[in-house]
Amino acid sequence: MNNVSYYRSHLNGQLRLRHVGETVKLVGWVQRKRNLGSLIFLDLRDYSGIVQLMLDEKQQFADVKHEYLIQVEGIVSRKDVPNPALATGDIEIKVQSLHILNMSDVSPLIIDDVTDAGEDIRLKHRYLDLRRQPMQQTIRIRSKIMNVFHRFFEKHQFVNIETPLLTLSTPGGARDFLVPSRIHAGSFYALPQSPQIYKQLLMIGGFDRYYQIARCFRDEDLRADRQPDFTQIDVEASFLTQDEFLHLMEEAIAEVFLEVKGMTISRPFVRLTYQEAMESFGSDKPDLRFDLKIQEAPQPLLDAYQTAGFAGSYTRVLVLPAALSLLTRKILDEWTTFVKPLGLKGLVLLKNEQGTLTGSFAKFVQQPTELFAALSMKEGDVAIAASHDDRLQLLAILGLLRLKAAALLNCVDINNVAIAWMTDFPLFDKNEKGQLVSAHHPFTRPRDEDIPLLDTHPERVIAQAYDLVINGYEAGGGSMRIYDQAMQRRIFELLGMDDQAIERKFGWFIQAFHYGTPPHGGVAFGLDRLTMILTGTDNIKDVIAFPKNLKMIGLLEGTPSPVEPEQLTDIHVEVKHEK
């Protein structure tokens, strides 16, 4: 990259010993200032890094303050005492001239790798927070991820197509953000939760392979890994089987890791069915960087539960290796308190102390040796057992305890990357009224062998759906799509829609199925979550330039905000204020 311009000849972070003796022109913000009397030292920061400036006190630059934007010209010199903490720590700039480009008020936050500011201050003054090197690096990694995807999809003949941001509201599922029409009184557009229907129409339109860096919107409560407006890498392809499509997407993800992190990712990725993931890990997005697995309770333990008189319909066990000295009474009490609101009455603790079964529940176990053998418990191991009448609920709770156990045992290799496809999800869930709802979305194709079950036991039907899970995060999800009108109408009917509702919500979409729709499928990767994974942060706000807080407020610009009455009149909206 050529950075030579009127303002500068080099980037600050690029200067090294090879530049000694050169005259350079630099720009940047003053990060630190040290006045040693006869000499003044400034740390000058731009996006590439920091370089130290040395000024003679006689040059009368004492009025330069923190975060002043300055331009300097000077000679690169070797430092007497190098600073190993800086990439430029072997050199400094002996300043010959300095020009203040702009002054700065006192910053409300420390602009450094570690800042003293809370999240609200950082978001309110985001433009200052973005000057910090960790934020600069994260946002630039985000950009690099997008660039890798662009190159990959171009190489594989995908077409980059934009789809509408003002679209049709389809009630059900997540809430839409609505946009009132000024021209058509009483009518509304919706901001897209996904380009789903449009990208399927592009397949019907004969484009074969589509992708888009798509902005999407969902009016949902926020959490650490969710925002109301977010970005996804949206992909759709025709004439590929599920295996062929997943293989191609694995290649894309592997290229991202190689170019962004320099990591070679093993392929093919691990594949786990939804059933396997829940039974072994208690989650459909398991962290596979460690190998703690939920186990079926062996018969000696089931007998003990019966003897104790509090057996549920299902009993499962989590064995923690070498945890005897780590799992204290205090931690067990914390875990017990944690699981009770989730529906468990308590936890059973079983210890292998020098070949002897101990713990308050041990008195109910008649065959401890057989129990140790069945659970592969070695000396020093501890087993956590629980029982419940709801199998999935029990597995999910133990899945959460599995994560707590991994932290306790310190068995997660943070430098490792574990990637897997989760497959074979149920096509339908049931809501609180016992009605069928789509587990993924209503355009997901069932497995061919399960199609007859749509008429008899739809709750048993397995979908051709898949999620990409990386280090316990759902980084993407997709499915093969329904491509014949009769099946699509049948799915809508099973979801409780009559002909009128189908026509009103999706008639324009189903109409396209009359014209030779190709077999197709797709996926959407969450750009925000991928960036979180690749940068090692656990907060999605760290990877978005201008995020909202957990109350869905943009602290920087003050959104959402009231508007002028005339604007509401134009769009035929009346605001009712709560009394």
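Here are some notes on the aromatic contacts, strand pairing and helix packing in this predicted model.

1. **Aromatic pairs, starting at the N-terminal end.** The structure contains 17 aromatic pairs. In one of them, the ring centres of Y6 and Y7 are 5.1 Å apart and the planes meet at 85°; that is over 60 degrees, so the pair is edge-to-face. Y6 counts as exposed at 64% relative accessibility, while Y7 is partly exposed at 44%. Y6 also has a charged neighbour: K25 lies over the face of its ring, 5.5 Å from the centre.

2. **A pair that links distant parts of the sequence.** Y274 and F425 have ring centres 5.5 Å apart and planes at 40°, so this pair is tilted. Y274 belongs to helix 6 (residues 274-281), and F425 to the loop between strand 17 (419-423) and strand 18 (428-430), so the pair ties together parts that are 151 residues apart in sequence. Are these two residues buried or exposed? Y274 is buried, with a relative accessible area of 17%, and F425 is buried too, at 11%.

3. **A second charge over a ring.** You may also like to look at K404, whose charged end sits over the ring of F338 at 4.5 Å from the ring centre.

4. **Helix 3 and the aromatic cluster.** Helix 3 covers residues 133-155, which makes 23 residues. From its first C-alpha to its last it reaches 33 Å, close to the 33 Å expected at 1.5 Å a residue. Its buried residues are Q133, M135, Q136, T138, R142, I145, V148, F149, F152 and F153. An α-helix has 3.6 residues a turn, so residues three or four places apart point the same way. With that in mind, look at F149, F152 and F153: these buried residues of helix 3 join F158, Y211 and F525 in one aromatic cluster. Just after the helix, Q157 takes a positive phi of about 65°.

5. **Strand 5 and its two partners.** How does strand 5 (residues 91-102) run relative to strand 3 (residues 49-56), parallel or antiparallel? The two run parallel and are joined by two bridges; M54 has K94 in strand 5 as its bridge partner. With strand 4 (residues 69-78), strand 5 pairs in the antiparallel sense over ten bridges. There, S77 stands opposite E92 of strand 5.

6. **The five-stranded sheet.** An open sheet of five strands follows the order 12-13-16-14-15, with antiparallel pairing. Its edges are strand 12 (294-296) and strand 15 (356-358), each of which pairs on one side only. From one strand to the next, the twist averages 30°. Within this sheet, strand 13 (residues 314-320) and strand 16 (residues 382-388) are antiparallel and share seven bridges, and T315 has S387 in strand 16 as its bridge partner.

7. **Helices on that sheet.** Helix 6 packs on the sheet by touching strand 12 and strand 13, and its direction makes about 95° with that of strand 12. This is the helix that holds Y274, from the tilted pair in point 2. Helix 9 (residues 368-375) lies across strand 12, strand 13, strand 14 (348-353), strand 15 and strand 16. Its direction runs at about 90° to strand 15.

Key:
Residues are numbered from 1 along each chain as its sequence is written. This is a predicted model: local features need pLDDT of at least 70, side-chain atom pairs count only at pLDDT 80 or more; totals for chains, interfaces and linings use all residues. Side-chain values use heavy atoms; hydrogens and water are left out. Rings of Phe, Tyr and Trp (its six-membered ring) pair if their centres lie within 6.5 Å; planes under 30 degrees apart count as stacked, over 60 as edge-to-face and the rest as tilted. Buried means under 20% relative accessible area, exposed over 50%, partly exposed in between (1.4 Å probe, protein chains only). Helices (H or I, at least four residues) and strands (E, at least two) are DSSP runs, numbered from the N terminus. A charge sits over a ring if NZ of Lys or CZ of Arg is within 6 Å of the ring centre and within 35 degrees of the ring normal. Two strands pair if DSSP finds at least two bridges between them. Axes are lines fitted to C-alpha atoms, for helices over the stretch in contact, and angles run from 0 to 180 degrees between N-to-C directions. Contact means heavy atoms within 4.5 Å. The expected span of a helix is 1.5 Å times one less than its number of residues.
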